[in-house]
Amino acid sequence: MSYVYRADHIPKSTPNNRRPGIGLSASTITIHNTGNVSSSARNERAWLTNPANKRAASYHIVVDEREAIEVLPLNEVGWHAGDGSKATSGNRTSIGIEICESGNYEKTIANAITLVAKMLHERGWDITKLRRHYDWSGKNCPRLMNVDGKWSGWVSFVSRVKAELERMKRYIVTGK
C-alpha cells in the first residue's frame with residue numbers, strides 16, 4: 001500500500017448536520033473530486049470542522065498522494081451525492097470518496113484505485129457498484145475524470161479499479 005489509511009471521524013457535534021448519525025447500509029461507492037486544487041486530505045478533513053464552513057456537505061473518505069482519511073464511519077450517512085435524503089438517494093445508499101486534486105494527481109489516483117478496489121473486494125462487490133457524483137445529481141463530478149466531455153478519465157479509472165480488483169482476487173487464490 002502506498003498510502004496511510006487512518007480514521008479521524010468528525011465529531012457528532014459538527015455544525016450544519018455534516019454528521020447526521022443516520023445509519024447507512026451502503027450498496028454503492030460514489031467517487032468525487034474535491035474541487036480544490038490546493039488542498040490535501042488533511043486540509044479537506046479540517047474543512048469539515050472549520051466554523052467558517054456553512055455547507056451541509058460531508059463524505060466518508062478523502063484520499064491524496066500520501067493518505068486516505070476516513071472522516072465519517074462507513075455505516076453512517078454522509079451528504080455527498082447532492083440528491084436529497086430519500087431512502088434510495090446516493091446520500092442514503094452510497095459511501096462517498098473524495099479524491100484530492102493537489103500534489104501528484106497520478107499518485108493520488110493510484111491510491112484511490114487501490115482504496116476503491118480494496119473496498120469493493122471486502123464487500124464482495126464488483127465495478128458495477130461504482131458511481132460518479134454525476135450519476136446521482138448531474139453535477140460534473142468527478143470533474144477531472146471528465147475533462148474531455150466524454151468521461152474518458154472515468155472509464156480509465158473504472159478499468160484500473162477492475163484490474164486491481166482482479167489482481168487482489170488472484171493474489172488471494174494463488175498468492176501471486
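There are 0 disulfides in this predicted model. The sulfur of C100 sits 12 Å from the closest cysteine sulfur, in C141, so the two are too far apart for a bond. Beyond the cysteines, here's a quick tour of the cores, the pocket, and a few loop residues.

**Cysteines**

- With a cut-off of 2.5 Å between sulfur atoms, the 12 Å gap from C100 to C141 is too far for a bond, so C100 stays unpaired.
- Looking from the other end, C141 is in no disulfide either, and its nearest cysteine sulfur is that of C100.
- Are these cysteines buried or exposed? C100 is buried, at 0% relative accessible area, and C141 also counts as buried, at 5%.
- C141 has another thing going on: a cis peptide bond joins it to P142, with omega at about 5 degrees.
- P142 itself is in the loop between helix 4 and helix 5.

**Nonpolar cores**

- The largest nonpolar core has 30 residues, and I29, I31, I97 and F157 have the most contacts inside it.
- Which elements feed that core with at least two residues each? They are strand 2 (28–33), strand 3 (61–63), strand 5 (94–99), helix 3 (105–123) and helix 5 (152–174).
- Helix 3 gives the largest share, with 8 residues.
- Take I29 from that core: leaving out neighbours within four places in sequence, I29 is in contact with S94, I95, I97, M119, L120, W125, K129, L130 and R131.
- A separate core of 9 residues lies apart from the largest one, and its members include A41, V62, V71 and C100.

**The largest pocket**

- The largest pocket has a volume of about 400 Å³.
- It's lined by 25 residues, and those closest to the pocket centre are N33, T34, R55, E98 and K139.
- Strand 2 and helix 1 (41–49) each put at least two residues into the lining.
- T34 belongs to the loop between strand 2 and helix 1.
- Is T34 buried or exposed? T34 is buried, with a relative accessible area of 17%; the cut-off for buried is under 20%.
- Setting aside residues within four places in sequence, T34 is in contact with E44, V62, E98, I99, C100 and E101. Among these, E98 is one of the residues closest to the pocket centre, while V62 and C100 are members of the 9-residue core.

**Loop residues with polar contacts**

- E65 is in the loop between strand 3 and strand 4 (67–70).
- The E65 side chain reaches the backbone nitrogen of N104 at 3.0 Å.
- Not counting residues up to four places away in sequence, E65 touches S2, G103, N104, K107, T108 and N111.
- D83 lies in the loop between strand 4 and helix 2 (90–93), and D83 is buried, with a relative accessible area of 16%.
- What does the side chain of D83 reach at 2.6 Å? That's the backbone nitrogen of G90.
- The D83 side chain also makes a polar contact with the side chain of N91, at 3.4 Å.
- Outside the window of four places in sequence, D83 touches S89, G90, N91 and W136.
- D83 and D135 are 52 residues apart in sequence, and their C-alpha atoms are 9.8 Å apart in space.

**Positive phi in the strand 1 to strand 2 loop**

- N16 has a phi near 65 degrees, a positive value in a residue other than glycine.
- N17 also has a positive phi, of about 60 degrees, and is not a glycine.
- N16 is in the loop between strand 1 (4–7) and strand 2, and N17 lies in the loop between strand 1 and strand 2 as well.
- N16 counts as partly exposed, at 29% relative accessibility, and N17 is partly exposed too, at 43%.

**An exposed loop lysine**

- Where is K150? K150 lies in the loop between helix 4 (133–137) and helix 5.
- K150 counts as exposed, with 67% relative accessibility.
- K150 and S39 are 111 residues apart in sequence and 26 Å apart in space, C-alpha to C-alpha.

Key
Residues numbered from 1 in each chain as written. Predicted model: local features only at pLDDT ≥ 70, side-chain atom pairs only at ≥ 80, totals over all residues. Heavy atoms only, no water. Buried < 20%, exposed > 50% of the residue type's maximum accessible area, 1.4 Å probe, protein only. Core = buried A, V, L, I, M, F, W, Y, C linked by side-chain atoms within 4.5 Å. Helix = DSSP H or I, 4+ residues; strand = E, 2+ residues; numbered from the N terminus. Contact = heavy atoms within 4.5 Å. Polar contact = N/O pair within 3.5 Å; in protein donor to acceptor, adjacent residues only side chain to side chain. 1 Å grid on protein atoms, 1.4 Å probe; cavity = no way out; pocket = protein on both sides within 12 Å on 5 of 7 lines; lining within 4 Å. Points joined across faces, edges and corners; volume = space filled by probe spheres on them.
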